[in-house]
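Biologist: I should like to put some questions to you about the charged and polar side chains of this chain. Please show the sequence and the structure before we begin.

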Amino acid sequence: MTQAQTKTEFVYTTYVTSTPQKVWDAITNPEFTRQYWGKVNVSDWKAGSTWNMVSIDGSDVVNITGEVLESRPHSRLVLSWASPENAGNKSEHSRVTFDIEAIGDVVRLNVVHDQLWAGSEMAGGISKGWPLVLSGLKSFLETGKPFDILAVKGPCAAPAQAKVA
């Protein structure tokens with residue numbers, strides 16, 4: 001089996017001084033996501049519905065699309081995840097699961113992005129993107145101030161390239 005034929009997953013866990021409702025809203029409410037994610041997530045968040053991650057630069061370009069696979073407000077959200085050009089090819093869809101759990105005065109947010117092709121462009125992108133997004137969510141909910149994810153993402157997201165002399 002080659003690397004391209006192997007599926008992989010990424011697991012991210014963070015603890016946020018917040019409530020499950022606020023964490024849910026930070027993931028699903030476009031007015032929140034625009035502030036810390038640099039995109040808006042748009043859907044009615046009901047199982048079976050389409051969801052889209054849309055640019056906020058005025059172009060309304062859909063960056064990621066998928067289906068809401070499971071939705072339990074304030075506790076669990078499961079989405080399929082695909083680039084728009086692969087929306088019709090289910091073999092290119094990955095899955096993101098957000099589990100939200102109150103633990104005393106904090107919330108544990110566990111994000112599992114699985115069913116990814118190992119070594120794929122998508123796997124590489126999310127391995128750099130999710131830590132930024134979740135750090136932005138945490139900062140936003142705990143301080144009310146997001147950091148500029150687009151300023152940080154630029155250098156972090158670009159893969160190293162060899163220069164030809």
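Biologist: Is R95 buried, partly exposed or exposed?

Modeller: In this predicted model, R95 has a relative accessible area of 27%. Buried means under 20% and exposed means over 50%. Because the value for R95 lies in between, R95 counts as partly exposed.

Biologist: Which residue does R95 meet in a salt bridge?

Modeller: General chemistry gives the background: side chains of opposite charge can pair when their charged atoms come close. For R95, the N to O distance in the salt bridge is 2.6 Å. The pair links distant parts of the chain, with R95 in strand β6 and its partner in strand β7, 19 residues apart. That partner is D114.

Biologist: Is D114 buried or exposed?

Modeller: The relative accessible area of D114 is 10%. The cut-off for buried is under 20%, so D114 is buried.

Biologist: How far apart in sequence are E31 and R34?

Modeller: The side chains of E31 and R34 form a salt bridge, at 3.6 Å from N to O. Both residues belong to helix α2, which spans residues 30-36. Their separation is about one turn of the helix, that is, three residues.

Biologist: Which side chain does the side chain of S49 join in a polar contact?

Modeller: S49 lies in the loop between β2 and β3, and at 15% relative accessibility it counts as buried. Leaving aside neighbours within four places in sequence, the residues in contact with S49 include G66 and V68. The polar contact spans 2.6 Å, and the partner of S49 is D44.

Notes
Residues are numbered from 1 along each chain as its sequence is written. This is a predicted model: local features need pLDDT of at least 70, side-chain atom pairs count only at pLDDT 80 or more; totals for chains, interfaces and linings use all residues. Side-chain values use heavy atoms; hydrogens and water are left out. Helices (H or I, at least four residues) and strands (E, at least two) are DSSP runs, numbered from the N terminus. Buried means under 20% relative accessible area, exposed over 50%, partly exposed in between (1.4 Å probe, protein chains only). A polar contact is a pair of N or O atoms within 3.5 Å; within protein, one must be able to donate a hydrogen and the other to accept it, and residues adjacent in sequence count only if both atoms are side-chain atoms. Contact means heavy atoms within 4.5 Å. A salt bridge is a side-chain nitrogen of Lys or Arg within 4 Å of a carboxyl oxygen of Asp or Glu.
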